[in-house]
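Student: I would like to learn how to read a structure like this one. Could you take me through it feature by feature?

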Amino acid sequence: MSFLRNAEKLFNNVYLFTWDTFIALANLIAPNRKPGSVIPHGQPGAGRKWPEFVPPGKGDSRCCCPALNALANHGILPRDGRNIKFTEMTHAVKATFNLSSTFSIFVPTYAADMLHKNYKTDSFDLADLNVHNGIEHDGSLLREDARFDPKQDTPNLPLITELLASSTGKAPAGDLCFTHADLSRASGKRRGAARATNPDFTLNKSQKGFASGNCASLLLVFGGRVAELEPFLTEERLPEGFEPHILSRWGLSLLVFNLNIFKIERAIKEEAVPVAAMVQNETA
Ligand code: HEM
């Protein structure tokens, strides 16, 4: 049985990555979407008009992912964050962030497998995604490690303020923005600090891939713009008049995404932080 399941998974992945290569090539040839009309007509966000932002209330389910929380905070996913079909998540991330069909299927399928659920038929609550050492991992940029913050459902403002202050890039219009090198540096610093203070610290290869993938999403979806990332990361709100910076006709392919992950992860140098210095900082 498990042999058959593994064979099916392998087949699905070969199919998905082949399809993705075609999407990446088609994006090179096809003209880009025009700024102002990236979100398809009839979808939330078309013409840069988003459903109202309402912060989560008591009893609402939220998770460690700012993007999925933002979708619930705007009512693009159910506002209570509960009973969401995996296929509904695929549709919402694809339309809102201009991701390719392959990307939008791959990550939710991975999440369904992680939760031992069926991608096509099952549902989940956002908080289900917080399972530690599934996709959620130690050394994240926006949350303390699960040892110190077991719920993982709210932004950690001191970490985010430090991150936002660390950008060094300038966009053509002069806006502050993150570069790949900025996010490699911030990740190296954060991983070093987490390793020094968390006796349970772990971070395996695939989690490093997810971590740098999350950094890549900040660069690609938000163009790394600090002014847009500020509401997104601190309030889990789509910035006023938001539109994804991905203009590709068929959305962000896994191939392009993975090249960005590789660029970020390769340049990460984990900073060794002496424990004594951490203790001193915390008591200062
Ligand atoms: C497609 C379905 C998605 C799933 C199942 C998912 C799941 C997750 C999970 C479990 C985490 C926690 C990782 C950690 O411990 O740091 C996370 C973090 C994150 N996700 Fe998502 N995510 C999805 C889509 C997206 C999208 C579309 C974006 C960007 C627009 C995004 C941006 C982020 C960011 C920036 C983080 C925070 C990383 C950090 O704290 O270092 N995610 N996501």
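**Reading the model, one feature at a time**

Tutor: Start with one residue: Gly 75 is partly exposed, because its relative accessible area is 37%. Keep in mind that this is a predicted model. Gly 75 sits in the loop between H2 and S1.

Student: How far apart in space are Gly 75 and Ala 127?

Tutor: Separation along the chain and separation in space are two readings, and it helps to give both. Gly 75 and Ala 127 are 52 residues apart in sequence, and their C-alpha atoms are 16 Å apart.

Student: Which helices and strands should I look for, and in what order do they come?

Tutor: Count the elements, then follow them from the N terminus. The protein chain has 10 helices and 4 strands. Their order is α-α-β-α-α-β-α-β-β-α-α-α-α-α. The chain is as compact as a globular protein of its length, because its radius of gyration is 19 Å, close to the 19 Å that the globule rule gives for 284 residues. The C-alpha trace spans about 55 × 55 × 40 Å along its principal axes.

Student: What can be said about the inside and the surface of the chain?

Tutor: Burial is given as a share of residues, and the surface as an area. Of the 284 residues in the protein chain, 46% are buried. The chain exposes about 14700 Å², and carbon and sulfur atoms supply 60% of that area.

Student: What share of the contacts joins residues 24 or more positions apart?

Tutor: Here contacts are sorted by separation in sequence. Among contacts in the protein chain with a separation of 6 or more, 65% are between residues 24 or more positions apart.

Student: How far apart are the mean positions of the positive and negative charges?

Tutor: Take the mean position of each kind of charge, then the distance between the two. For the 31 positive and 30 negative charges of this chain, that distance is 6 Å.

Student: Which residue of the protein is a donor of the iron atom of the ligand?

Tutor: For a metal, look for the atoms that act as donors. The SG atom of Cys 65 is the only protein donor of the iron atom, at 2.4 Å. Cys 65 is in the loop between helix H1 (2-29) and helix H2 (66-73).

Student: Is His 137 buried or exposed?

Tutor: The cut-off for buried is under 20% relative accessible area. His 137 has 6%, so it is buried. His 137 belongs to the loop between strand S2 (123-124) and helix H5 (157-164). Not counting residues up to four places away in sequence, His 137 touches His 132, Leu 203, Gln 207, Ala 211 and Asn 214.

Student: Where is Asp 153, and which residues is it in contact with?

Tutor: Give the element, then the accessibility, then the neighbours. Asp 153 is in the loop between S2 and H5. Asp 153 counts as buried because its relative accessibility is 18%. Leaving aside neighbours within four places in sequence, the contacts of Asp 153 are Arg 62, Cys 63, Asn 69, Asn 130, Arg 143 and Glu 236. The C-alpha atoms of Asp 153 and Ser 167 are 25 Å apart, and the two residues are 14 residues apart along the chain.

Student: What is there to note about phi at Asn 83 and Asn 133?

Tutor: Check the sign of the angle and whether the residue is a glycine. Asn 83 is not a glycine, yet its phi is positive, about 55 degrees. Asn 83 lies in the loop between H2 and strand S1 (84-85), and its relative accessible area of 58% makes it exposed. Asn 133, also a residue other than glycine, has a positive phi near 65 degrees. Asn 133 is in the loop between S2 and H5, and is partly exposed at 37% relative accessible area.

Student: What does Asp 175 touch?

Tutor: Place the residue before listing contacts. Asp 175 is in the loop between strand S3 (169-170) and strand S4 (176-177), and is partly exposed, with a relative accessible area of 38%. Not counting residues up to four places away in sequence, Asp 175 touches Gly 169, Lys 170 and Arg 225.

Notes:
Residues are numbered from 1 along each chain as its sequence is written. This is a predicted model: local features need pLDDT of at least 70, side-chain atom pairs count only at pLDDT 80 or more; totals for chains, interfaces and linings use all residues. Side-chain values use heavy atoms; hydrogens and water are left out. Donors are N, O and S atoms within 2.8 Å of the metal (3.2 Å for Na, K and Ca); water is not among the atoms, so sites may look incomplete. Helices (H or I, at least four residues) and strands (E, at least two) are DSSP runs, numbered from the N terminus. The radius of gyration is taken over C-alpha atoms; the globule rule is 2.2 Å times the number of residues to the power 0.38. Buried means under 20% relative accessible area, exposed over 50%, partly exposed in between (1.4 Å probe, protein chains only). Contact means heavy atoms within 4.5 Å. Accessible areas come from the Shrake-Rupley method with a 1.4 Å probe; for residues, only the protein chains shown count as cover. Lys and Arg count as positive and Asp and Glu as negative; His and the chain ends are not counted. The place of a charge is taken as NZ of Lys, CZ of Arg, CG of Asp or CD of Glu.
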